[in-house]
Every structure is written in structure tokens, then in C-alpha cells.
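Subject: Structure for you to look over

Dear colleague,

Here is the structure I said I would pass on. My notes on what turned up in it follow below.

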Amino acid sequence: KDQRIRLILAGATEAWMVTKAIKKAGVPVIIKPRAQVPYSFDRLAARDDAPALLHRAGITVAISSADWSQNIRRLRQEAGIAVAEGFPRNAIIEAITKTPARLFGKASILGTLEANKRADLVLWSGDPLELKTRALKIWIKGKPQATENRQTQLARRYLPKTQIPSPT
């Protein structure tokens with residue numbers, strides 16, 4: 001506080017134990033729901049509903065999937081886990097879009113669909129928190145993107161044709 005450092009807690013598996021102090025300090029938390037297991041001595045009090053407890057305490061929560069860069073594909077799964085453990089469904093999309101954009105100073109261009117903002121958008125085949133839901137169309141900076149990827153290529157190569165999702 002004395003140094004005027006803009007603090008964001010990342011990880012914070014035991015943050016639920018000090019919600020009053022975090023709320024009073026106005027510090028946001030970036031948390032990965034699936035990391036909420038006591039697998040090391042610095043996480044003995046970790047619990048699955050930690051993101052929900054932080055949210056209920058009035059703390060700004062951003063949901064993450066980060067351990068390493070390829071886990072970004074798991075972000076909607078992490079969001080679904082948070083909802084299953086009590087995070088309000090009506091707040092979860094904001095916790096993976098608008099909140100991170102605001103925390104990292106990008107809210108003027110990212111995080112919501114508004115005029116003069118960068119148009120990154122995904123059209124899903126259903127509920128984006130369901131694992132079987134797939135991206136039908138993707139736009140980045142307003143430009144359509146191909147939905148072909150390594151997984152669809154492998155499916156086409158190894159699965160019977162009746163099990164391969166249509167690309168459109």
C-alpha cells in the first residue's frame with residue numbers, strides 16, 4: 001500500500017481464508033478452479049469452492065486456466081468447474097472476459113461487445129461451458145477465422161465419419 005503497487009493475487013488457493021482483508025484492500029484475485037486441491041504444503045486449506053467464496057465475499061474474481069500457455073483451451077472448462085462449485089452462472093462469463101480485460105488495463109478495447117472495441121467473438125453450438133459444445137464460427141479483430149485445427153484433423157483421420165463434427 002505504501003509503495004502504491006497495483007496488486008492482483010494470482011493463484012491464491014487459500015485466499016478464501018482471508019476474504020475480509022482482500023476485500024478491504026480492494027485486491028482482485030485471478031484463480032484457477034481446478035487448482036483448488038491441497039496437493040502441496042502451501043495449499044493444505046485449498047477447496048473446490050474457493051472462487052465462489054471469493055465472489056460471494058465481494059472480491060473481484062477472474063477465472064484462469066493458466067499453468068502453461070496451451071491450457072488456454074481449458075478456460076471454458078475451468079469456468080464450468082467454478083459454476084459447478086457455486087460460482088454464479090450469471091457472473092461467470094464476465095469473470096473470463098470483462099474482468100480480465102479490466103484487470104490488465106484493456107477494458108477500453110477488450111472484454112465486451114461494444115462499438116469501437118476489438119471484435120473477438122465465438123459463436124458456439126450450444127452452452128459454452130459444456131465440453132461437447134464446439135466453436136461454429138470465430139472472429140478475431142472482426143475477421144473470420146478458420147475453425148480447422150489439429151483436433152479436427154485427427155478426428156477426420158481416425159474417427160468413423162459418423163462421429164466427425166461438421167465444420168460448419
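Trp 139 has Pro 144 in β6 as its bridge partner. This bridge belongs to the antiparallel pairing of β5 and β6, which runs over three bridges. The two strands form a hairpin with two residues between them, and in that hairpin Lys 141 takes a positive phi near 55°. Please keep in mind that the model is predicted, and that the values here were computed from it.

The other neighbour of β5 is β4. Strand β5 covers residues 135-140, and its pairing with β4 is antiparallel over four bridges. Two of the residue pairs can be named: Val 122 has Ile 138 in β5 as its bridge partner, and Leu 123 stands opposite Lys 137 in β5. Taken together, the strands make an open sheet of three in the order β4-β5-β6, with antiparallel pairing. The edges are held by β4 (121-124) and β6 (143-145), each of which pairs on one side only. From one strand to the next, the twist averages 25°.

There is another sheet, formed by strands that come earlier in the numbering. It is open as well, with three strands in the order β1-β2-β3, and here the pairing is parallel. Because β1 (9-10) and β3 (61-63) stand at the edges with a single partner strand each, one side of each is left without a neighbour in the sheet. Strand β2, residues 29-31, pairs with β3 in the parallel sense over three bridges. Within that pairing, Val 29 stands opposite Val 61 in β3.

For the chain as a whole, the secondary structure comes to six helices and six strands. Read from the N terminus, the order of elements is β-α-β-α-β-α-α-α-β-β-β-α. The parallel strands therefore alternate with helices in the first part of that order, while β4, β5 and β6 follow one another directly. Along its principal axes, the C-alpha trace spans about 60 × 40 × 25 Å.

Next, a helix pair. How do α3 and α4 pack, and at what angle? Helix α3 (residues 75-84) and helix α4 (residues 89-96) pack at an angle of about 150°, and their axes are 10 Å apart. The crossing of α3 past α4 is right-handed. On the α3 side the contact is made by Leu 75, Ala 79, Ala 82 and Val 83, which meet Arg 89, Ile 92 and Ile 96 in α4. Sorted by class, the contact has six nonpolar, no polar and one charged residues. The charged residue is Arg 89 of α4.

Last, a pocket. Which residues line the second largest pocket? Its lining is made up of Lys 1, Arg 4, Ile 5, Leu 7, Lys 24, Ala 25, Gly 26 and Val 27. By class, that lining has four nonpolar, one polar and three charged residues. Gly 26 is the polar one, and the charged residues are Lys 1, Arg 4 and Lys 24. The volume of this second largest pocket is about 220 Å³.

That is the list so far.

Regards

Terms used
Residues numbered from 1 in each chain as written. Predicted model: local features only at pLDDT ≥ 70, side-chain atom pairs only at ≥ 80, totals over all residues. Heavy atoms only, no water. Pairing = 2+ DSSP bridges. 1 Å grid on protein atoms, 1.4 Å probe; cavity = no way out; pocket = protein on both sides within 12 Å on 5 of 7 lines; lining within 4 Å. Points joined across faces, edges and corners; volume = space filled by probe spheres on them. Axes fitted to C-alpha atoms, helices over the stretch in contact; angles between N-to-C directions. Left-handed = near helix turned anticlockwise from the far one by under 90°. Contact = heavy atoms within 4.5 Å.
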